[in-house]
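Got your viewer open and a selection box ready? Let's take a short walk through this one, stop by stop.

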Amino acid sequence: MTNVVVVESPAKAKTINKYLGSDYKVFASYGHIRDLPAKDGSVRPDEDFTMDWEIDAKAAKHVKDISMALKGATKLFLATDPDREGEAISWHVQEVLGAKNLLKGVDVKRVVFNEITKDAIIEAFNHPRELDTELVDAYLARRALDYLVGFTLSPVLWRKLPGSRSAGRVQSVALRLICERETAIENFNADEFWTIKVVFQTEEGKPVVANLTHLNGNKLDKLSIGTEAAAKEAVATISARAYSVADIEQKKSRRNPAAPFTTSTLQQEASRKLGFATKRTMQIAQRLYEGVSLGGETVGLITYMRTDGVTMAGEAINGCRTLIGNDYGASYVPAEPRVYKSKAKNAQEAHEAIRPTDVSRRPKDIAGFLDPDQLKLYTLIWQRTVASQMESAILDQVGVNIASPDKQVTLRATGSVVAFDGFFRLYQEGKDDSDTPDDGEDKILPPMKQGQAMATNDINPEQHFTQPPPRFSEASLVKSLEELGIGRPSTYASIISVLQERNYVRLESRRFTPEDRGRVVTTFLESYFTRYVAYDFTAELENKLDDISGGRIEWKTVLRDFWGAFNSAVGETKDLRVSEVLDRLDEILGPHFFREGPDGKDPRQCPTCDTGRLNLKLGKFGAFIGCNNYPECRFTRPLAVTDGSDDDAAAAGPKELGLDPVTGKMVTLRKGPYGHYVQLGEEEEVPAEPVKEGKKPKAPKKIKPKRSSLTKAMDPGLVDLDMGLALLSLPRDVGMDPETDKMITAAIGRFGPYIKLDATYVSLKGDDDVLSIGLNRAAHLMANAPKKDPPVELGMHPKNKKPVTLRKGRWGPYVMHGRAMATLPKGMEPETVDLAKAIELLDAKSGKTSKAAAAKKESVKKTPAPKKKAAAKKKAAPKKKAAAKKTPGKTKSDTEAAAD
């Protein structure tokens, strides 16, 4: 009889199917097959955290395929990933199939493996186990917490901070880290300091560079010489003395290799060395894990990539030691295998580190089977793994103190030489944000003896300024989260993605900068939900989730403890007025955004009306700064610190460029939430038409002024009246295309400047300027643009007289009417479609969609108390859905986002 196997991805299914043979049928669930519905009430604390589940519409097809295959099967193997999320996917599959009465007479087993190789798969299937209920409980608790925070906190934010919503339980803490770092940078006051280097010469004429460490008999610290005058005084003191070698320190030091990769260290190193985003790193690693075709055979190239363990299997260690001896020599093989222990909190030591499944597959041997990014990441993993079992590097380090006879001045020269390169030969770990000045330790010093006279050749004072802490990169943010115990291996990538997707932070030059709405949300949460964005509280909650995994605490106990206090904190904010929240935010953020300039002018004085006071305000697009004399004064500027420079003139208020000669209206340069723009005139009100007696009067009609955005390449400081008028005249006609005899136009759109001919758009990049591009260049760009077939108009829809068109899309031909679209059925030729047929397809599509959406939603319940069964039934809506309720679940892969 057939054995059915369920994994989470089609790539994994394809690889495993080849290993297991014809007696097994392998199906992919495509991640989680169900989740909590995105609506209030999906988790009910009052019913002992009973939860509703909903089968995803896309997943319904996969569930159907698995269900069909189970008919006549005797065994079901759940072979999803070997972590908490993988266990949860298997649990969901078993629960759904059980509710359909498809598991009677079927032996259900859980199978786990750390690598997708034939030996590992066969071994795993020879030793199946039952579902790990403790891992499932930990997943349920995490999913419930994320849902409750998201669906409870987001409504508070919507009401108190229009335009805002919760970033998520863990994401909010990561956002706080980024915002606090930005505040530290902005509040940083640089200190001046000087260093002095002296170039000495030995008796043999060899140069030696030494740094001043003691002056006037006192040891110097970093800021001891704080002014140019002090530096000149030090130079004079040094110049007045003779010098000799006071003492020489020589020692050998050993540098040990880093442990093999965990998820976080792989993400950090791939960011540093390869420039990969954490999400990209995990996507490539997933592909390497699930299998790559090597000469016709699909093989998993690395072990499971979501892990916080640093151990390696004995055969993997032996494979490394053999390869090192063969490729580099016996001297590079340590006497004993290296054993690593994880420094991460609650590391799951049962999980191996990320390593090649077969270290003998050198990167150069399989380069032809991998794309460039896959090869880069595999090479990084291979090198780190092999290096972790290599001999230590040995350095000969030398420190020489050069002093004056009276010991008033001492300088130090340092140098080192690699006596044995050891693992350096293959790999060295990258570093984050090192601001340590070059101390010359990698230099080789010439031979010197104690008491040897040193001639002074040159004295070089250098001015420096202390630097603010750097903004977080993806690598340094992951490192900080891990050190604080916030998040887990599978969550780091999603934490970063959610913050970017919700526009709370932006990534510029590979560094995170908080957006204004991110700063406001963080300040609000710190003010009214202090405990829930505290680093130690979030880390402790993560520890409790790990305790659930280990069977040390009951999962609903954790939820009860959390919910009681959290729900009370939310209740305390219900009576808060928006004005109170604004006053609180203004009090906290005011000193940051309103800084006194060098002229001593009040930074809160409105630059437009002079009598108003600038305050923090809220609009539907987030926070901004505005005048309290509104609506008489309409001054606004983005939520940002300004320095009053010309470059930022628009941020301090509208900058008048001059009058439009046609309309006589003022053209101004302004800065809004999405950048700089020019505007013609101001908003105008047109009086409403007189109304008949007894009719309700209409409100005056408001006419918005014409605006045009600046492109990213345009410098706001160089915008004058001519340029402003040119921008306001867009879109402009460039000229008639010589091939089609149709007009090419130039404009600025949502994604930047472009030219357009019929339905063909070409973005303008580099030196191509939307205001000055000529016909020859535009025609050339159009001639080389990918050609798109224009839509074919079939006729007007009889209901609203709007056109119905036939188009070609990425997935084939389709018909369109307004926003409604319907793909042509397979086998239907576009030439045969007329207006009547198109309307029939559109009507069928709209009917099917609503019907399918209603039919494919299912709810499940995880063994509720008998008393509550009847109540739950009463609450169920009288729909034809299969109602079902269970305990909480979550979406597969790295997601940890709140369900808001």
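Start with the empty space inside: this predicted model holds four cavities of 30 Å³ or more. Go to the largest cavity, which has about 120 Å³ of space in it. To find the spot, select V149, R169, Y532, V533 and F566; of the 14 residues lining this cavity, those are the closest to its centre.

Now colour by element. Which elements give two or more residues to the lining of the largest cavity? They are α5 (133-160), α16 and α17. Helix α16 provides the largest share of that lining, with three residues. If you colour the lining by class instead, you'll get 10 nonpolar residues, three polar and one charged.

Since you're already looking at two of those helices, stay with them. Select residues 535-549 for α16 and 555-571 for α17. Their axes are 9 Å apart, and the helices pack at an angle of about 160 degrees. Angles over 145 degrees count as roughly antiparallel, so that's the label for α16 against α17.

Next, show side chains where the two helices meet. From α16, pick F537, L541, K544 and I548; from α17, pick W555, V558 and F562. How many residues of each class are in this contact? There are six nonpolar residues, no polar ones and one charged residue.

Time to leave the helices and hop over to a loop. Select R355, in the stretch between α10 (314-328) and α11 (363-366). Is R355 buried or exposed? Its relative accessible area is 3%, and the cut-off for buried is under 20%, so R355 counts as buried. To see what surrounds it, leave out the neighbours within four places in sequence and bring up the residues in contact with R355: E115, L301, I302, T303, M312, A313, A316, I381 and T385.

For the last stop, try another loop residue, L223, found between β11 (218-219) and α7 (228-239). L223 counts as partly exposed because its relative accessibility is 38%. Now add F193 to the selection and draw a C-alpha to C-alpha distance: L223 and F193 are 30 residues apart in sequence, yet 5.2 Å apart in space. F193 is also one of the contacts of L223 once neighbours within four places in sequence are set aside; the others to select are D191, E192 and T466.

Definitions and conventions: Residues are numbered from 1 along each chain as its sequence is written. This is a predicted model: local features need pLDDT of at least 70, side-chain atom pairs count only at pLDDT 80 or more; totals for chains, interfaces and linings use all residues. Side-chain values use heavy atoms; hydrogens and water are left out. Helices (H or I, at least four residues) and strands (E, at least two) are DSSP runs, numbered from the N terminus. Buried means under 20% relative accessible area, exposed over 50%, partly exposed in between (1.4 Å probe, protein chains only). Contact means heavy atoms within 4.5 Å. Axes are lines fitted to C-alpha atoms, for helices over the stretch in contact, and angles run from 0 to 180 degrees between N-to-C directions. Angles under 35 degrees count as roughly parallel, over 145 as roughly antiparallel, 65 to 115 as roughly perpendicular and the rest as oblique. Ala, Val, Leu, Ile, Met, Phe, Trp, Tyr, Cys and Pro count as nonpolar, Asp, Glu, Lys and Arg as charged, and the others, Gly among them, as polar. On a 1 Å grid over the protein atoms alone, a cavity is a set of points where a 1.4 Å probe fits but cannot get out, and a pocket is an open set with protein on both sides within 12 Å along at least five of seven lines; lining residues have an atom within 4 Å of a point. Grid points are joined across faces, edges and corners, and a volume is the space filled by probe spheres set on the points.
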